[in-house]
2 protein chains.
Amino acid sequence: MSAGGEPDGQKGAAGPAGGRLVVVGLGPGEARFLTPQAAAALAEAEALYGYGPYLDRVPLRPGQARLASDNREELGRARAALAHAAAGSRVAVVSGGDPGVFAMAAAVMEAIEAGPAEWRALDVEVVPGVTAMLAVAAAAGAPLGHDFCAMSLSDNLKPFELVEKRLRLAAEAGLVMAFYNPVSKARPWQLDRAFDILRGLLPASVPVIFGRAAGRPDARTVIVPLAAARADLADMATCIIVGSAETRRIERPGRPPLVYAPRAVRGAAGGAS
Amino acid sequence: MSAGGEPDGQKGAAGPAGGRLVVVGLGPGEARFLTPQAAAALAEAEALYGYGPYLDRVPLRPGQARLASDNREELGRARAALAHAAAGSRVAVVSGGDPGVFAMAAAVMEAIEAGPAEWRALDVEVVPGVTAMLAVAAAAGAPLGHDFCAMSLSDNLKPFELVEKRLRLAAEAGLVMAFYNPVSKARPWQLDRAFDILRGLLPASVPVIFGRAAGRPDARTVIVPLAAARADLADMATCIIVGSAETRRIERPGRPPLVYAPRAVRGAAGGAS
């Protein structure tokens, strides 16, 4: 942690108990997105905790323990990893994308806050990664090139009324929107409800980008106007970007369109930044 | 580009004119953030275009041309790079952080839309990177762990009234906020005005994170309550994260605090995602 002016030289030092916990982002898919910092953190760990499919992406290392858990067990996984680190081990918690965006880092912090005092004495580090919306945006052009928001559409941990309120305010603000967790078997209707709300507030032509399995060999990007956006174009592996009234779509002969957010908004004083 | 269902095998193929343009994100600072995908794209390029300090981060390669320009000349740089690629070369435009977030990818798209038809026939790819707010968030804990927005505070390309409107709506929505381009010599008062607006809408205790030179050896993270947030804590190399009323701060003995966004919001149905 470099927060609060801690000297750089202290980074990576073991905590009072000798243990260390690092929360590592793998990026959106293949190894080509894994930063050298993340690769080093994974190689140094004595034990890896994570959702099974994420652990499967990490190269095997002799003597390194792997403790897979279900993707619904974030808090339990965080507690187990912290207890393991507090016993004096170098432990890594593995996360897809960036661990700080709708992923494991918040669960680890929550476990630290509610846990025994010794967990606050641990050396804890978060290693960032390329989060899904950045890979989806890159595959489509530059739809996040100006002001935007990122929201989880899941109502497991917040009321759907709050999702609806945020959608309305984000549309009023003219923000491009990235949706994480857009649908699941337990949440079949929420995404269509979100599109219906946005159709009442934004032009029908606003581009909506469905980025499935971004960064993986089976990646697929589908771009439709808001008028044609439907929940059955998404699944749990999809990140969705909804443009704003400012969003542009460039048609290209023989190539997919490019979608981007102009740098200038109407009414600007002009000039570069 | 994998947009629109283009087969994966076509990725990286030269366009009809033989030229190719790739917009590459270096991540927030040191080489430890550079993805293998970005490193490969840089190595393959015959010419690199970019702001000088970003080009200086790219390892030298014999025979590779480097064309540095001022950071105010984004559109001119994009046009020059596109013209170079259209002449049949493999050209890379280098960007700090992620090229799609307040960076070069939108300028390249804008140039393509306004440029000659042959630029639409070019093979264009965006290679994502770790954007500044993710590195700042990682250094502080997990403040972007739930719904958030990212905004440029610059009023060079949009009226400041729109910045103010977005601040008010984002606060009403309960979104955590990341500010890019928070201050410059030409924009000395806007950031304090933004803090004043937020002080009227959010609790005085909301944590504000000033992340300077994230990912660089001189990185510095300062965390203050909103009541004490001042523009002179920031400069052009700073990315700022303003928490929400839900944001938590964990005090730790002998270590900097951890700041995070809880996964659950009051009123949730409960259960995991």
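Two strands are taken to pair if DSSP finds at least two bridges between them. By that criterion, in this predicted model, strand E1 (residues 20-25) of chain A pairs with E5(A) in the parallel sense, over 5 bridges. Within this pairing, A:Val24 has A:Val127 of E5(A) opposite to it.

The pairing belongs to a wider arrangement. In chain A, 5 strands form an open sheet with parallel pairing, in the order E3-E2-E4-E1-E5. The edges are occupied by strand E3 (65-69) and strand E5 (123-127) of chain A; each has a single partner strand, so one side of each remains without a neighbour in the sheet. On average, and with direction ignored, neighbouring strands of this sheet are turned by 15° against each other.

Helix H3 (residues 74-86) of chain A packs on this sheet, where it touches E1, strand E2 (47-51), E3 and strand E4 (90-95) of chain A. The direction of H3(A) makes about 160° with that of E4(A).

H3(A) also packs against H4(A), at an angle of about 65° and with the two axes 8 Å apart. The crossing of these two helices, H3(A) and H4(A), is right-handed. On the side of H3(A), the contact is made by A:Glu74, A:Leu75, A:Ala78, A:Arg79 and A:Leu82. H4(A) contributes A:Met104, A:Ala107, A:Val108, A:Glu110, A:Ala111 and A:Ile112. Classified by residue type, the contact of H3(A) with H4(A) comprises 8 nonpolar residues, no polar ones and 3 charged ones.

The surroundings of the second helix deserve separate attention. Helix H4 (residues 104-114) of chain A is mostly covered, with 9 of its 11 residues buried. Among the buried residues of H4(A) are A:Met104, A:Ala107, A:Val108, A:Ala111 and A:Ile112, each of which also takes part in the contact with H3(A). The charged residue A:Glu110 is buried as well. Others in the buried set include A:Ala105, A:Ala106 and A:Met109.

The description can now be extended from chain A to its contact with chain B. Here 93 residues of chain A are in contact with 93 residues of chain B. The side of chain A that touches chain B divides into 52 nonpolar, 20 polar and 21 charged residues. Strand pairing also links the two chains: strand E7 (residues 148-152) of chain A and strand E7 (residues 148-152) of chain B pair in the antiparallel sense over 3 bridges. In E7(B), B:Phe148 is the bridge partner of A:Ala150.

How values were computed: Residues are numbered from 1 along each chain as its sequence is written. Chains are lettered from A and ligands numbered from 1 in the order in which they are written. This is a predicted model: local features need pLDDT of at least 70, side-chain atom pairs count only at pLDDT 80 or more; totals for chains, interfaces and linings use all residues. Two residues are in contact if their C-beta atoms, placed from the backbone, lie within 7 Å. Helices (H or I, at least four residues) and strands (E, at least two) are DSSP runs, numbered from the N terminus. A residue is buried if 20 or more other C-beta atoms lie within 10 Å of its own, exposed if 12 or fewer, and partly exposed in between; C-beta atoms are placed from the backbone. Axes are lines fitted to C-alpha atoms, for helices over the stretch in contact, and angles run from 0 to 180 degrees between N-to-C directions. A crossing is left-handed if the near helix is turned anticlockwise from the far one by less than a right angle, and right-handed if clockwise.
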